[in-house]
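Open the model in your viewer and switch on side chains. This tour goes from charge to charge.

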Amino acid sequence: RRRHDGYGKARVAADLRSRGIETTVVDTVMQEWNPDDDVERALAVARKHTTALDSADPALRDRARRRLAGMLQRRGFAGDTVRTVLVRLVTDLDHED
C-alpha cells in the first residue's frame, strides 16, 4: 500500500499485474478503489511540483500545467482526476495572492 501512495489506479493495477497477480484479483481490488482518494493522492504529488504554476508569465504557467498533467497521467491518474487537481491548484494559488 505505502509503495503505491504517489500513484493512481491505472498505475497500481498495472504494477500488480506485472508482479504476476491474477487479473481477477486485481480487478476485485480495483473495484474497491475510492476515486476521492485518487484526487487527494494526486494533489499531494502535484503540490510538490507547482513552482511555475504561479509565474507571472502565461507561457510558463501553461507549460507548467501541461508538464504537471503529463506527470500525473504517467503516474496512472485518470484525466478527470488530473483536471480536478489542476483546477484546485490554480484556485488555491489565486487565493494565496
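Start with R88. This is a predicted model, and in it R88 is partly exposed, at 33% relative accessibility.

Now add E40. E40 and R88 form a salt bridge, with their closest N and O atoms 3.5 Å apart. Zoom out to see what the pair connects. E40 sits in helix α3 (residues 35-47) and R88 in helix α5 (residues 79-96), so named from the N terminus. The two residues are 48 apart, and the bridge links distant parts of the chain. Is E40 buried, exposed or partly exposed? E40 has a relative accessible area of 44%, so E40 is partly exposed.

Stay on helix α3 and select R41, which is found there. How does R41 stand with respect to solvent, buried or exposed? R41 is buried: its relative accessible area is 9%, and the cut-off for buried is under 20%. Display D38 as well. The side chains of R41 and D38 make a polar contact at 3.2 Å.

Go next to helix α5 and pick R83 and D80. Both residues lie in this helix, 3 residues apart, or about one turn. Their side chains meet in a salt bridge, at 2.4 Å from N to O. Colour the pair by accessibility: R83 is exposed, and D80 is exposed too.

Then select D15 and R19. Here the side chains meet in another salt bridge, with 3.3 Å from N to O. Look at each partner in turn. D15 counts as buried because its relative accessibility, 17%, is under 20%. R19 is partly exposed, with a relative accessible area of 48%, because that value falls between the 20% and 50% cut-offs.

How many salt bridges does the structure hold? The count is 6. Those visited on this tour include E40 with R88, R83 with D80, and R19 with D15.

For the last stop, turn to the surface. Select R63, R66, R67 and R74 together: these residues gather in a patch of positive charge. Centre the view on R63. R63 is found in helix α4, which covers residues 58-74. At 45% relative accessibility, R63 counts as partly exposed. Why can R63 be part of such a patch? Patch members need over 30% relative accessible area and no salt bridge, and R63, at 45%, therefore passes the area cut-off.

Conventions:
Residues numbered from 1 in each chain as written. Predicted model: local features only at pLDDT ≥ 70, side-chain atom pairs only at ≥ 80, totals over all residues. Heavy atoms only, no water. Salt bridge = Lys/Arg side-chain N within 4 Å of Asp/Glu carboxyl O. Buried < 20%, exposed > 50% of the residue type's maximum accessible area, 1.4 Å probe, protein only. Helix = DSSP H or I, 4+ residues; strand = E, 2+ residues; numbered from the N terminus. Polar contact = N/O pair within 3.5 Å; in protein donor to acceptor, adjacent residues only side chain to side chain. Patch = residues over 30% accessible without salt bridge, like charges linked within 9 Å, V, L, I, M, F, W, Y side chains within 5 Å. Areas by Shrake-Rupley, 256 points an atom, 1.4 Å probe, with all protein chains shown as cover. Lys, Arg positive; Asp, Glu negative; His and termini not counted. Charge placed at Lys NZ, Arg CZ, Asp CG, Glu CD.
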